[in-house]
Amino acid sequence: MTTQYWLVKSEPDTYSWDQFVRDGRTDWTGVRNNAARLHLKAMRPGDEVLYYHSNEGKAVVGVARVTKAAFPDTTADETGWVAVELTPVAPLAKPIGLAQIKADAVLQKMELVRQSRLSVSPVRPAEFKRVLRLGKA
DNA sequence: GCCAACGTTGGC
DNA sequence: GCCAACGTTGGC
């Protein structure tokens with residue numbers, strides 16, 4: 001299967017990219033939205049994930065990889081919610097801010113912009129490549 | 001099954 | 001702090 005691309009959001013006050021790097025890997029738990037759950041379930045090991053800081057930061061700050069497909073989220077009160085395992089790959093040399101995304105002809109179509117409240121969203125290959133290119137030093 | 005009320009997220 | 005967008009809940 002070809003690599004799919006995603007974006008996950010986290011408030012840096014809650015779980016920052018730096019903490020993620022220190023941990024070396026993390027279980028992406030706590031998703032309690034059905035659309036986001038469907039995206040988690042569609043993730044496959046090897047898929048690449050943009051890591052976005054919401055609220056404070058409002059920028060894509062790094063790239064991660066899916067290292068374990070969806071499994072039950074044990075932090076949930078009800079059954080049926082899932083988590084995936086993510087592992088950090090590399091930070092962006094230059095974080096890509098939301099304002100820059102909205103000003104870019106390619107990136108302004110991202111689900112991140114279209115559905116701003118969704119915490120896990122798909123990313124098109126062209127969008128992923130453009131973020132990487134703009135994020136290079 | 002509709003819709004008003006309410007809660008949450010997240011940008012500004 | 002405000003508000004728009006969206007999801008969920010519950011009365012009818």
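Select Tyr 52 together with DNA strand B: a polar side-chain atom of this tyrosine lies 2.9 Å from a phosphate oxygen of the strand. Keep in mind as you go that this is a predicted model.

**Around DNA strand B**

Now add Asn 55. Here a backbone N or O atom, rather than a side-chain atom, lies 2.9 Å from a phosphate oxygen of DNA strand B. For a base contact, go to Arg 117, where a polar side-chain atom lies 3.3 Å from a base oxygen of DNA strand B.

Next, show the whole surrounding set: Lys 9, Tyr 52, Ser 54, Asn 55, Lys 58, Leu 98, Lys 102, Ser 116 and Arg 117. Colour this surface by class and you should find two nonpolar, three polar and four charged residues. Which part of DNA strand B lies within 4 Å of the protein, sugar or phosphate, or bases? Of those atoms, 82% belong to sugar or phosphate, and the rest to bases.

**Around DNA strand C**

Switch the selection to DNA strand C. Asn 33, Arg 114, Gln 115 and Arg 117 surround this strand. Leave Arg 117 highlighted, as this residue is listed around DNA strand B and around DNA strand C. The class colouring near DNA strand C gives two polar and two charged residues, with no nonpolar ones. Of the atoms of DNA strand C within 4 Å of the protein, 50% belong to sugar or phosphate and the rest to bases.

**A stop at Ser 116**

Ser 116 is one of the residues around DNA strand B, so centre the view there for a moment. Look for this serine in the loop between helix H4 (111–114) and E6. Leaving aside residues up to four places away in sequence, Ser 116 touches Lys 9 and Glu 111. Lys 9 also belongs to the set around DNA strand B. Then pick the C-alpha atoms of Ser 116 and Trp 6: they are 110 residues apart along the chain and separated by 14 Å.

**The sheet**

Hide the DNA and turn on the cartoon. What is the order of the strands in the open sheet? The six strands run E2-E5-E4-E3-E1-E6, with mixed pairing. At the edges are strand E2 (26–27) and strand E6 (120–123), each pairing on one side only.

Walk across the sheet from E2. This strand pairs with E5 in the antiparallel sense over two bridges, and Asp 27 has Glu 85 in E5 as its bridge partner. From E5, step to E4: these two are also antiparallel, joined over 10 bridges. Select Phe 71 here to see Ala 83 of E5 standing opposite.

Continue to strand E3 (residues 48–53), which runs antiparallel to strand E4 (residues 59–72) and is joined to it by six bridges. Tyr 51 stands opposite Gly 62 in E4. Now add helix H5 (residues 125–134), which packs on the sheet and touches strand E1 (5–10), E3, E4, strand E5 (82–97) and E6. The direction of H5 makes about 45° with that of E5.

**Zooming out**

Finally, show all of chain A, with its five helices and six strands. Follow the chain from the N terminus and the elements run β-α-β-α-β-β-β-α-α-β-α. The radius of gyration is 14 Å, close to the 14 Å that the globule rule gives for 137 residues, so chain A is as compact as a globular protein of that length. Along the principal axes, the C-alpha atoms fill a box of roughly 40 × 30 × 30 Å.

Notes: Residues numbered from 1 in each chain as written. Chains lettered and ligands numbered in written order. Predicted model: local features only at pLDDT ≥ 70, side-chain atom pairs only at ≥ 80, totals over all residues. Heavy atoms only, no water. Near = heavy atom within 4 Å. Polar contact = N/O pair within 3.5 Å; in protein donor to acceptor, adjacent residues only side chain to side chain. Nonpolar A, V, L, I, M, F, W, Y, C, P; charged D, E, K, R; others polar. Pairing = 2+ DSSP bridges. Helix = DSSP H or I, 4+ residues; strand = E, 2+ residues; numbered from the N terminus. Contact = heavy atoms within 4.5 Å. Axes fitted to C-alpha atoms, helices over the stretch in contact; angles between N-to-C directions. Rg over C-alpha atoms; globule rule 2.2 N^0.38 Å.
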